[in-house]
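Here are my notes on this entry, set out as numbered points. Please read them with the coordinates open.

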Amino acid sequence: MHTGRIIKALSGFYYVEFNGALYQTRARGLFRKTEESPLVGDIVDFQIENVTDGYITKIHPRENELVRPTVANIDQVLITMSLKTPAFSFYLLDRFLAYVEAHDIEPVVVITKMDLADDDDLIDKIKDTYGAIYPVFFTSQDEMNNDLLNIFENKVTVLSGQSGVGKSSLLNTLLPELELKTDEISSALNRGKHTTRHVELVDIGGGLIADTPGFSTIEFTEIDKYNIKYCFKEFNDYQNQCKFRECMHINEPKCAVKEALQNGGIKQSRYDSYLAIHEEISNRKERY
Ligand SMILES: Nc1nc2c(ncn2[C@@H]2O[C@H](COP(=O)(O)OP(=O)(O)OP(=O)(O)O)[C@@H](O)[C@H]2O)c(=O)[nH]1
Ligand SMILES: [Zn+2]
């Protein structure tokens with residue numbers, strides 16, 4: 001019996017990496033009864049049947065999972081946001097950040113298209129708003145950002161961000177061999193344009209990254225209006241000092257979050273994003 005990680009799932013096979021080798025495994029009937037099926041990213045126990053084949057006997061409990069792409073046990077999500085085209089949006093970035101926090105995954109902010117920069121105030125405001133809360137990297141397509149390449153070691157990473165911000169370009173810059181590889185696969189299988197991409201974890205900087213960029217829009221459907229406040233990381237420095245334990249930091253007196261807003265510990269744009277998302281979730285719930 002061995003324990004490894006599923007890095008690819010294709011046609012009923014799960015490819016498990018163990019000790020630098022890849023094993024083609026099946027899940028057998030075991031999981032059909034429990035309706036639990038293995039996901040890419042899962043840590044599994046498996047039995048080797050011959051040199052490279054085996055079958056999965058157990059899925060270890062998941063730390064977290066995302067639906068787009070369908071990957072489990074993710075350590076970090078790179079939230080890509082372009083400086084321009086499409087225009088940078090503090091609100092949209094805050095939505096992505098809250099969503100990733102809600103899934104118990106560490107966010108990393110990556111600002112793309114820095115070659116288009118013409119507004120120093122915007123860059124300063126981005127640094128000022130997020131620099132103390134999250135790792136923030138600035139990149140452009142034609143430059144290899146070596147600091148960014150260092151963050152992957154021993155981690156499983158997923159890339160996300162709205163359409164057109166440069167997710168694929170970033171992935172190709174960080175992993176030039178990737179584009180080549182995907183081209184080879186789709187032409188080899190002769191499936192043409194409409195091939196459904198199967199997510200695969202590929203090696204990057206001593207860790208793994210999902211080769212398919214992930215979610216590009218955010219809906220807070222599974223998140224409760226009482227929990228969204230915990231998804232604004234810097235609120236956690238203050239919210240246990242609010243007078244009321246159930247304080248939502250909106251209309252309550254003696255609210256430590258609103259005090260922090262007054263003295264600059266919490267940024268106005270972050271608080272405004274919180275209010276907007278809280279309202280969106282509250283309105284949705286009322287309809288049911
Ligand atoms: N100037 C500039 N353009 C870039 C940069 N990165 C990407 N682009 C351009 O932005 C456009 C979108 O890039 P993609 O990498 O396809 O963006 P994406 O986020 O993968 O887009 P979706 O597949 O729609 O989710 C392309 O025309 C890229 O050439 C950059 O750093 N600088
Ligand atoms: Zn409060």
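1. Helices, as the term is used here, are DSSP runs of H or I with at least four residues, and they are numbered from the N terminus. With that in place, helix H4, spanning residues 167–174, gives the most to the shell around ligand 1, contributing three residues. The model is a predicted one, and the points below should be read accordingly.

2. On the surroundings of ligand 1, there are 16 residues around this ligand, of which Gln141, Gly166, Lys167, Ser168 and Ser169 come nearest. Sorted by class, the shell around ligand 1 holds 10 polar residues, together with three nonpolar and three charged ones.

3. Turning to the domains, the assignment for the chain gives domain 1 as 2–59, domain 2 as 65–210 and domain 3 as 228–287. Between domain 2 and domain 3 there is contact, with nine residues of the former meeting 11 residues of the latter. On the side of domain 2 that touches domain 3, helix H1 (residues 90–102) gives the most, with seven residues, and the residues of that side divide into five nonpolar, three charged and one polar.

4. As for the strands, five of them close into a barrel, in the order S1-S2-S3-S5-S4, and the pairing is mixed. Neighbouring strands of this sheet are turned against each other by 55° on average, with direction ignored.

5. Within that barrel order, S2 is followed by S3; strand S2 (residues 13–18) pairs with strand S3 (residues 21–26) in the antiparallel sense, over five bridges. Which residue stands opposite Leu22 in S3? The residue in that position is Glu17.

Definitions and conventions: Residues are numbered from 1 along each chain as its sequence is written. Chains are lettered from A and ligands numbered from 1 in the order in which they are written. This is a predicted model: local features need pLDDT of at least 70, side-chain atom pairs count only at pLDDT 80 or more; totals for chains, interfaces and linings use all residues. Two strands pair if DSSP finds at least two bridges between them. Helices (H or I, at least four residues) and strands (E, at least two) are DSSP runs, numbered from the N terminus. Axes are lines fitted to C-alpha atoms, for helices over the stretch in contact, and angles run from 0 to 180 degrees between N-to-C directions. Domain bounds come from an automatic or database domain assignment. Two residues are in contact if their C-beta atoms, placed from the backbone, lie within 7 Å. Ala, Val, Leu, Ile, Met, Phe, Trp, Tyr, Cys and Pro count as nonpolar, Asp, Glu, Lys and Arg as charged, and the others, Gly among them, as polar. A residue is near a molecule or strand if its C-beta atom, placed from the backbone, lies within 6 Å of it.
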